[in-house]
Amino acid sequence: MLSFEHRYATLPEPLSVECAATPVANPELIAFNAPLAAELGADEIPDETTLAAWFSGNQTMPNASPRALGYAGHQFGNFVPQLGDGRALLLGEVVDQHGKRRDVQLKGSGRTPFSRGGDGRSPLGPVLREYLVSEFMAAVGIPTTRALAAVTTGERVVRQLPEPGAVFTRVASSHIRIGTFQFIAARQDEAALKTLADHVIERHYPEAAKADDPYMALLEAVVARQAELIARWLSIGFIHGVMNTDNCSLAGETIDYGPCAFMEQFNPQKVYSSIDEGRRYAFANQPAIAQWNLARFAETLLPLIEGEGDALVEKATDAIRHFDTLFNAEQRRLHADKLGLEAESDQAEALMEGLESQMHQGRMDMTATFDVLTQYAASPSDQRHDDLLALTQNPEALGEWLSQWQAAQVASQNTDRLAAMQRANPVVIPRNHRVQEAIDAAVEGDFTPFHTLLAVVTKPFDDSVEARRLAAPATENEQVLRTFCGT
Ligand code: AMP
Ligand code: MG
């Protein structure tokens, strides 16, 4: 079905090791992403039994050559020299219809040489969460790994309690992480480091090869992509939850959806993940953490970048500092779009600051706020005005903000701005309680809520009755306060 190539397998040995999947008892297909398969150049899609056998690892797909990848990483600030794919296997790479090389990987396919104490398996819940959230991210245009397939295994995995097991098939621009560079750097193998860096340049940043100092250009390009990515996350309230350096993709994609969640009531200090006790990865900390991670990446590259001593460190530090400028520029553009204002004017930033403070003080739901604001911009009416004020606990203050915004919006009004607003503000996001509801039903054998939610969140700007039902913020009783890794 897919024409696999195995370029990564030719890189030095510790970067990947051959490893077979461990068969499961009774694989059954939950979902298969046919449009994505077509994008990957799939021909002749086989029947569901074969798909279930392939995407559980029970049968090796033709031309696949499963390998576990090595990487290290800083987990919550502490360096672990060897992590690696403890429950994942790269099947190979395919060159997609746009000529882009992409990885296909099984996750939850059994133990590998990197499993340490783990069972190599994945419970159903995290598989469905990653499917829903990554496909939503793709639908709103945020760089992300994708979901190709999900299967149940017919086996139980034991976490706090026994849960149904599942295998997820992930497609990524690559699975090379900051932690991959840290893995090689920790071994002080400069030749392997150069081979890896050259591979990343060729695969993700070909323009860097032409620079006077290609590895410096690589660092700058990676910084730029991260800055853009994190600004995009913040624009829709996404909290990754585990921004360890091993979960930071060199391709600039969102990767490793664990206890991730979307913020509901706006609060910059929001944390959902049960394991983030120090609140390291709170919503508003994400840019600073990305920058910290990038500094760890820069350290690994120092032996390759031209220059020496303090001057070299200063040069690399400047590239990391530049994150702020790039992040702010992207955020400025996104804020202007979300408010339907011109990016060039300073008004958008001041108004966004005002609205964030309104959302925070008034305990407003972030997604609903921008959605109703967009509807109001499209057709201002007393009803829409009241709908907006109904979102806050502090209607008087919001009313004042609204008149300032309206004055600015009317002044800059053109159809482009409204269209930008409609593209920037999704009607529906995968709300935590809806994701949980879909998981709970699936654990009981009913996958209908999962499929319904998937259909809605992959058309996040469509306004339908079903979208409106699933878009509604959680009531007090429905609220999900904590999310879990489930690994
Ligand atoms: P994650 O939190 O998913 O990014 O995983 C962090 C590290 O733990 C990675 O090296 C994973 O491969 C490993 N890991 C997570 N879950 C398991 C598991 N069930 N079995 C083996 N290794 C695991
Ligand atoms: Mg990870």
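At 5% relative accessibility, Asp 246 counts as buried, a term that means under 20% relative accessible area, with exposed meaning over 50% and partly exposed in between (1.4 Å probe, protein chains only). The model is predicted, and local features need pLDDT of at least 70, side-chain atom pairs count only at pLDDT 80 or more, and totals for chains, interfaces and linings use all residues. Residues are numbered from 1 along each chain as its sequence is written, chains are lettered from A and ligands numbered from 1 in the order in which they are written, and side-chain values use heavy atoms, with hydrogens and water left out.

Asp 246 is covered by the UniProt annotation "active site", taken from an unreviewed entry; positions from UniProt are given in the numbering used here, with feature names shortened, and such annotations may be inferred rather than shown by experiment. The residue is placed in the loop between strand 11 (238-239) and strand 12 (261-262), where helices (H or I, at least four residues) and strands (E, at least two) are DSSP runs numbered from the N terminus. When residues up to four places away in sequence are not counted, Asp 246 touches residues that include Tyr 71, His 74, Arg 177 and Asp 256, contact being defined as heavy atoms within 4.5 Å.

Asp 256 is also one of the protein donors of the magnesium ion (ligand 2), through OD, while Asn 247 donates through OD1, and these donors lie 1.9 to 2.1 Å from the ion. Donors are N, O and S atoms within 2.8 Å of the metal (3.2 Å for Na, K and Ca), and sites may look incomplete because water is not among the atoms. Asn 247 is buried at 12% relative accessibility, and Asp 256 is buried with a relative accessible area of 12%.

Asn 247 is further listed among the closest of the 18 residues that surround ligand 1, together with Gly 84, Gly 86, Asp 119 and Gly 120, a residue being near a molecule or strand if one of its heavy atoms lies within 4 Å of it. A polar backbone atom of Gly 84 is 2.6 Å from an oxygen atom of ligand 1, whereas nitrogen atoms of the ligand lie 3.3 Å from a polar side-chain atom of Arg 87 and 3.2 Å from a polar backbone atom of Arg 121. The backbone nitrogen of Arg 121 in turn lies 2.9 Å from a polar side-chain atom of Asp 119.

Asp 119 is found in the loop between strand 7 and strand 8 and is partly exposed, with a relative accessible area of 31%. Gly 120 has its place in the loop between strand 7 and strand 8, but is buried at 4% relative accessibility. The UniProt annotation "binding site", from an unreviewed entry, covers residues including Asp 119, Gly 120, Arg 170 and Asp 256.

Strand 10 (residues 162-172) is mostly covered, nine of its 11 residues being buried. Strand 7 (residues 101-107) runs antiparallel to strand 10 and is joined to it by five bridges, with Val 104 having Val 171 as its bridge partner; two strands pair if DSSP finds at least two bridges between them. Strand 8 (residues 122-123) pairs with strand 10 in the antiparallel sense over two bridges, and nine bridges join strand 10 to the antiparallel strand 9 (residues 146-158), the latter two strands being connected by a hairpin of three residues.

Note on methods
Polar contact = N/O pair within 3.5 Å; in protein donor to acceptor, adjacent residues only side chain to side chain.
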